[in-house]
Each structure stands twice: as structure tokens, then as C-alpha cells.
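Let's take a friendly walk through the strand pairings of this protein. Have the structure open beside you as you read.

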Amino acid sequence: QMYSNEEGYQQKKQKVKSPRGGFTLVEMIIYIAFFAILSIIAVEGTIVVMKSFYSLRLNQSVNESATVALERMSREIRNAYDYDATQSTLGTSPGRLTLKTKDASGANTTVEFYVDGSNQLNIMVGGVDNGQLVTKTVTLTNLIFRPITTTNSKAIKIEMTLKDSRSTSAQTSKLYDTIILRGSIH
């Protein structure tokens, strides 16, 4: 049988037009594997970013607490004229420092720095508890007050270790400072 040109063209067009639609099983497995790998990379990247952010928050918490605690202790020690050796725990941790100082009206009073049962640094002024000097998530693992006495003055050396360990990761900071009692200078 002979086909006219038009009929032959239509038959060839139908043969060419009939490729299969969709994906083969091999193609689907490759695409799924590719997207699985991309998903794993994205999740791992997110976890790394979150751990870094959390570590930064812990570090910031410890640093803020350390700054507040050392500034307050430094100010109170500088303003004191002496320390009470009998009411203080010196040279060992957890330390307690009782300062002899004057209040705003010039009357004698005391300022005490101590660690409570939950390892929080507290301050007591004139026998009245004024609360914690560090955030609730930060604890003291070491606090030592060492007196330094010369012929002309007295000073207190502070050794303090703060720790924030809200989860499996922890941030620790060791701090040292030496402050002269201005009222003791001769």
C-alpha cells in the first residue's frame, strides 16, 4: 500500500509523538537521594548555628554576671576602711568577706559577700540581705578572698569562678582582682 505524503507524515508524527511521560524508577531514586542529602546538610547547618547561638548566650550570661559581681565587690571594698577577719572566711572556698564601712549618713555598718546554699553570690548590707549579684542561671564554683596587708594599706584579692550550665554545654569564667581598701591607707 502506498500512502500519500500526508498520510505517511501523520503516521511518522504519531510514532515520534509517543515517547513515555513521567520519570523512571532510577530517576526517582536519584532525585530522592539528592533531596535527602540537601535536607541533611540544611538540618546540620541549622544545628551548628543554634549551638553557636546558645554558646554565645551562655558566654554573655557569665560575662554579665562577672561584671556586675566584680564591680559591686570592688566598689564596696574600695569604700571600706577595714575587713572583719573573725566574721570572714578567708583563703578558702567558699569564701565570705565582711567589710567594715560607713553608710550614707556616716554611721558604721557592714557589707558582706557570701555564697548561699545554691551556689549563688549574695550581698548583705547592715545585716539585711540585699539579694543575689549574679543571674539565677550562673553559679559560683569557686570564691576565695585573700587579705593583703602592708605597712601602709590593706587590700583584698578576689579569686572567683563562675559557671553557667543550663544544658549539656557549659560556660566557665575564672576571674581575679585585687582591690585596696581606701579607708585603710595611712
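## Strands 7 and 8

Ala 155 stands opposite Ile 180, a residue of strand 8. This is a predicted model, so please read each pairing below as a feature of a prediction. Strand 7 covers residues 154-164, and 10 bridges join it to strand 8 in an antiparallel arrangement.

## The open sheet 6-7-8

Where does this pair fit in? An open sheet is formed by 3 strands in the order 6-7-8, with antiparallel pairing. Strand 6 (138-149) and strand 8 (171-180) are at its edges, and because each has a single partner strand, one side of each is left without a neighbour in the sheet. From one strand to the next, the twist averages 10 degrees.

If you are following the side chains, here is a handy reminder: in a regular strand they alternate between the two faces of the sheet.

## Strands 1, 2 and 3

Now for another group of pairings, earlier in the sequence. Strand 1 (residues 82-83) pairs with strand 2 (residues 97-102) over 2 bridges, in the antiparallel sense. You can find Asp 82 opposite Lys 100 of strand 2.

Strand 2 is also joined to strand 3 (residues 108-115), by 6 bridges, and these two run antiparallel. Here Leu 97 has Phe 113 in strand 3 as its bridge partner.

## The hairpin turn

How many residues lie between strand 2 and strand 3 in their hairpin? There are 5. One residue in the turn to look at is Gly 106, which has a positive phi of about 95 degrees.

Notes
Residues are numbered from 1 along each chain as its sequence is written. This is a predicted model: local features need pLDDT of at least 70, side-chain atom pairs count only at pLDDT 80 or more; totals for chains, interfaces and linings use all residues. Side-chain values use heavy atoms; hydrogens and water are left out. Two strands pair if DSSP finds at least two bridges between them. Helices (H or I, at least four residues) and strands (E, at least two) are DSSP runs, numbered from the N terminus. Axes are lines fitted to C-alpha atoms, for helices over the stretch in contact, and angles run from 0 to 180 degrees between N-to-C directions.
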